[in-house]
Amino acid sequence: MKGADQSEVVVLRTLLLTGIVLISLPIQTAAKQLRVGVSGSPPFVMGGEDMLSGISVEIWNDVAERLDQSYEFIIKPNTDANIKAVADGTVDLAIGPISITPARLANPKIDFTQPYFHGFEALLIPKKPPGLITRLRPFIGWAALSSVGILISLLFIFGNLIWLAERRNNTEQFPRQYLHGVGNGMWLGLVTLTTVGYGDRAPMSRSGRTIAGIWMVMSLVAVSSITAGLASAFTLSLAELAPSEIRDKADLRGKKIAVVEGTTSQRWGLLYDIDPVITKNLNEGIEILKQGKVEGIIFDEAPLRHYIRKNKNNKLKLANFTLAVQTFGFVLPMGSPLRNPINIELMGMERNGDTEKIESKLLD
């Protein structure tokens with residue numbers, strides 16, 4: 001009996017220890033500190049390793065607080081390095097302005113949460129006051145020159161017609177000499193057109209007065225057209241026009257454009273057939289843009305708008321077109337148990353307006 005009692009004690013101890021282990025495992029799992037990879041630029045990721053902030057960081061902070069999840073940040077140099085760290089298990093989660101793309105979704109080692117931000121891919125270009133040639137361009141363009149040419153031609157035709165009608169009976173005002181007589185006729189046409197009316201030349205014959213009457217009516221239309229054309233030319237001349245030749249997506253072909261290594265800007269640059277200049281980060285790209293080494297930089301619109309707002313004296317602006325629609329999400333290992341809880345919290349934050357508050361605070 002004594003041996004049987006000892007066996008029962010051993011079994012009981014074993015069961016007790018097993019129960020303790022099984023009970024403690026979930027607690028240890030829940031208490032596990034996540035390694036969170038961080039990459040990106042303002043306004044999504046800002047500050048140093050000890051004091052990180054930004055849209056991506058603040059949204060993740062809120063999610064982690066709701067899940068009662070502890071974590072530590074691990075800084076990564078760019079988006080590609082951050083995603084790779086998730087794939088090889090170096091980090092448990094990657095945050096930052098990480099675009100959800102078909103190529104990344106096809107990666108069997110990673111998965112995305114639902115999007116927490118919707119934005120655009122944009123182009124930053126120089127904005128400079130126009131030089132003298134740029135200001136004069138509206139006045140020497142084809143439209144302006146052709147209008148002047150048509151006006152001179154009409155004056156010449158009128159001068160000939162009025163001279164032919166008046167040269168016999170009004171030789172004092174319209175001499176028989178061709179150049180002198182036609183010149184006086186053109187002068188009459190010009191003063192009539194401008195409504196100055198010096199009165200030094202006037203037709204006396206019936207045919208001459210008929211021609212002059214028709215010209216007066218035509219002058220009303222001509223003066224209106226010329227006035228509108230000059231007003232438009234002055235408006236364009238005095239406006240702050242960008243001398244950049246990039247006015248549309250098609251103009252990007254062959255242009256020297258900066259793209260940031262490890263971001264989707266490289267893929268969009270390839271799509272638009274640019275001559276890419278790869279930089280390590282956005283700041284480096286902006287610096288070579290200001291130096292005139294590139295004609296623009298492709299990057300996410302929100303960081304570019306943030307830079308312009310913070311640096312209003314820099315003569316840079318966003319192009320008046322966007323290159324693509326972007327959606328950002330957090331990156332997890334494929335099959336991560338955190339995916340569904342994070343999605344639930346992200347959905348809740350979006351529905352109650354918390355996400356919008358964070359974005360507005362850092363973008364507006």
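This is a guided tour of one protein chain, stop by stop, for a reader who has the structure open in a viewer.

**The whole chain**

Begin with the entire chain on screen, and keep in mind throughout that this is a predicted model. If you colour by secondary structure, you should find 13 helices and 11 strands. The chain has 364 residues, of which 40% are buried. Among the contacts whose partners are separated by 6 or more positions, 70% join residues that lie 24 or more positions apart.

**The largest nonpolar core**

Next, select Trp-60, Ile-95, Phe-330 and Ile-342, which touch the most other members of the largest nonpolar core, a set of 28 residues. To see where this core draws its residues from, highlight β1 (34–38), α2 (55–67), β3 (93–95), α12 (339–351) and α13 (354–363), the elements that each give two or more residues to it. Helix α2 makes the biggest contribution, with 6 residues.

Now centre the view on Trp-60 and ask which residues it is in contact with, once its neighbours within four places in sequence are left aside. They are Leu-34, Val-36, Tyr-71, Phe-73, Leu-93, Ile-95, Phe-330 and Ile-342. There is also a second, separate core, made of 15 residues, and you can locate it by selecting Leu-124, Val-260, Tyr-307 and Leu-318, which are included in it.

**The largest pocket**

Move on to the largest pocket, whose volume is about 560 Å³. Its lining consists of 32 residues, and those closest to the centre of the pocket are Gly-40, Ser-41, Pro-42, Asn-281 and Leu-282. Three elements, α10 (282–290), β8 (296–300) and α11 (301–310), each supply at least two residues of this lining, and α11 gives the most, with 3 residues. If you colour the lining by residue type, it divides into 13 nonpolar, 13 polar and 6 charged residues.

**Helix α11**

While α11 is on screen, select Glu-301, Ala-302, Pro-303, Leu-304, His-306 and Tyr-307, which are buried residues of this helix. What do the buried residues of α11 pack against? Show β5 (117–126), α10, β8, β9 (316–318) and α13, and you will have the elements they pack against in view.

**Salt bridges**

The count of salt bridges comes to 10, and three of them make good stops. For the first, select Arg-35 and Asp-92, which form a salt bridge whose closest N and O atoms are 3.0 Å apart. Arg-35 is in strand β1 and Asp-92 is in the loop between α3 (79–87) and β3, so that this pair links distant parts of the chain, 57 residues apart. Arg-35 is partly exposed, with a relative accessible area of 27%, whereas Asp-92 is buried, at 11%. Add Lys-32 to the selection, and you will see that Lys-32, Arg-35 and Asp-92 are linked in a network of salt bridges.

For the second, select Asp-354 and Arg-66, whose side chains meet in a salt bridge with an N to O distance of 2.5 Å. Because Asp-354 belongs to helix α13 and Arg-66 to helix α2, this pair ties together parts that are 288 residues apart in sequence. Arg-66 counts as partly exposed, at 38% relative accessibility.

For the third, select Asp-80 and Arg-104, where the closest N and O atoms of the salt bridge are 3.8 Å apart. Asp-80 lies in helix α3 and Arg-104 in helix α4 (residues 102–105), so this salt bridge ties together parts 24 residues apart in sequence. Is each partner buried or partly exposed? Asp-80 counts as partly exposed, at 42% relative accessibility, whereas Arg-104 counts as buried, at 12%.

**Two buried residues to finish**

Select Asn-170, which is placed in the loop between α6 (142–166) and α7 (178–193). Asn-170 counts as buried, because its relative accessibility is 4% and the cut-off for buried is under 20%. Apart from its neighbours within four places in sequence, Asn-170 is in contact with Ala-202, Pro-203 and Met-204.

Finally, select Val-182, which is found in helix α7 and counts as buried at 4% relative accessibility. With neighbours within four places in sequence left aside, Val-182 is in contact with Phe-156, Gly-159, Asn-160 and Trp-163. As a last step, use the distance tool on the C-alpha atoms of Val-182 and Arg-167, which are 15 residues apart along the chain and separated by 9.6 Å.

Methods. Residues are numbered from 1 along each chain as its sequence is written. This is a predicted model: local features need pLDDT of at least 70, side-chain atom pairs count only at pLDDT 80 or more; totals for chains, interfaces and linings use all residues. Side-chain values use heavy atoms; hydrogens and water are left out. A nonpolar core is a set of buried Ala, Val, Leu, Ile, Met, Phe, Trp, Tyr and Cys residues joined through side-chain atoms within 4.5 Å. Buried means under 20% relative accessible area, exposed over 50%, partly exposed in between (1.4 Å probe, protein chains only). Helices (H or I, at least four residues) and strands (E, at least two) are DSSP runs, numbered from the N terminus. Contact means heavy atoms within 4.5 Å. On a 1 Å grid over the protein atoms alone, a cavity is a set of points where a 1.4 Å probe fits but cannot get out, and a pocket is an open set with protein on both sides within 12 Å along at least five of seven lines; lining residues have an atom within 4 Å of a point. Grid points are joined across faces, edges and corners, and a volume is the space filled by probe spheres set on the points. Ala, Val, Leu, Ile, Met, Phe, Trp, Tyr, Cys and Pro count as nonpolar, Asp, Glu, Lys and Arg as charged, and the others, Gly among them, as polar. A salt bridge is a side-chain nitrogen of Lys or Arg within 4 Å of a carboxyl oxygen of Asp or Glu.
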